[in-house]
Amino acid sequence: QVQLVESGGGLVQAGGSLRLSCAASGRTFSTYAMGWFRQAPGKEREFVAAISWGGRNTYYGDSVKGRFTISRDNAKATVYLQMNSLKPEDTAVYYCNAPVRAGVNPGDYWGQGTQVTVSS
């Protein structure tokens, strides 16, 4: 069993930056690929980014490539999402997920979500 708690969301102007954190409980964190997904009102859930258990491999959705960076600290059981050059279309609730499979497919565990709002 893994529990995930996101933090770091908020309101930011277009072009700004935010860093999301996802703190995990459970001894199996370091063995899980972790990921971020997002969902905007009226839209389907979208894959944002994922990172392998050791941090060696990362994956990004096309809409965030070159702007977002995913990282993890297994000693702190935390995964991060650094979001730069934010756009209004990045506005969504962002969810942490584990264990991500095949790079982009969500696993069984979800956090409660954190709201990111980007104003134009």
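## Around Ser-52

Leaving out neighbours up to four places along the chain, Ser-52 is in contact with Ala-33, Asn-57 and Arg-72. Keep in mind that this is a predicted model. Ser-52 sits in the loop between E5 and strand E6 (58-60). Is Ser-52 buried or exposed? Its relative accessibility is 13%, and buried means under 20%, so Ser-52 counts as buried.

There's also a link to the backbone here: a polar atom of the Ser-52 side chain lies 3.2 Å from the backbone nitrogen of Arg-56.

## The nonpolar cores

The largest nonpolar core has 30 residues, and the members touching the most others are Leu-4, Met-34, Trp-36, Leu-81, Met-83 and Tyr-94. Plenty of strands chip in: E3 (18-25), E4 (34-39), E5 (46-51), E7 (68-73), E8 (78-83), E9 (92-98) and E11 (114-119) each supply at least two residues of this core. Apart from that core lies another one, made of 5 residues, including Ala-33, Phe-37, Ala-50 and Val-100.

Which residues does Leu-4 touch, not counting those up to four places away in sequence? One group is Cys-22, Ala-23 and Ala-24, and Leu-4 also touches Met-34. Then come Cys-96, Asn-97 and Ala-98, followed by Tyr-109, Trp-110, Gly-111 and Gln-112.

## The disulfide

How many disulfides does the structure hold? There's just 1, and it joins Cys-22 to Cys-96 with an S to S distance of 2.1 Å. The angle about the S-S bond is -85°, and the link of Cys-22 and Cys-96 is left-handed. Cys-22 belongs to strand E3 and Cys-96 to strand E9, so the pair ties together parts that are 74 residues apart in sequence.

As for solvent, Cys-22 is buried at a relative accessible area of 0%, and Cys-96 likewise counts as buried with 0% relative accessibility. Both cysteines turn up among the contacts of Leu-4.

## The four-stranded sheet

One open sheet has 4 strands in the order E1-E3-E8-E7, paired antiparallel. Which strands stand at the edges? Those are E1 (3-7) and E7; each has a single partner strand, so one side of each is left without a neighbour in the sheet. On average, neighbouring strands of this sheet are turned by 15° against each other, if you ignore direction.

Looking at the E1 end, E1 and E3 pair in the antiparallel sense over 5 bridges. Within that stretch, Ser-7 stands opposite Ser-21 in E3. Strand E3 also holds Cys-22 of the disulfide.

Terms used:
Residues are numbered from 1 along each chain as its sequence is written. This is a predicted model: local features need pLDDT of at least 70, side-chain atom pairs count only at pLDDT 80 or more; totals for chains, interfaces and linings use all residues. Side-chain values use heavy atoms; hydrogens and water are left out. A nonpolar core is a set of buried Ala, Val, Leu, Ile, Met, Phe, Trp, Tyr and Cys residues joined through side-chain atoms within 4.5 Å. Buried means under 20% relative accessible area, exposed over 50%, partly exposed in between (1.4 Å probe, protein chains only). Contact means heavy atoms within 4.5 Å. A disulfide is a pair of cysteine sulfur atoms within 2.5 Å. Two strands pair if DSSP finds at least two bridges between them. Axes are lines fitted to C-alpha atoms, for helices over the stretch in contact, and angles run from 0 to 180 degrees between N-to-C directions. A polar contact is a pair of N or O atoms within 3.5 Å; within protein, one must be able to donate a hydrogen and the other to accept it, and residues adjacent in sequence count only if both atoms are side-chain atoms.
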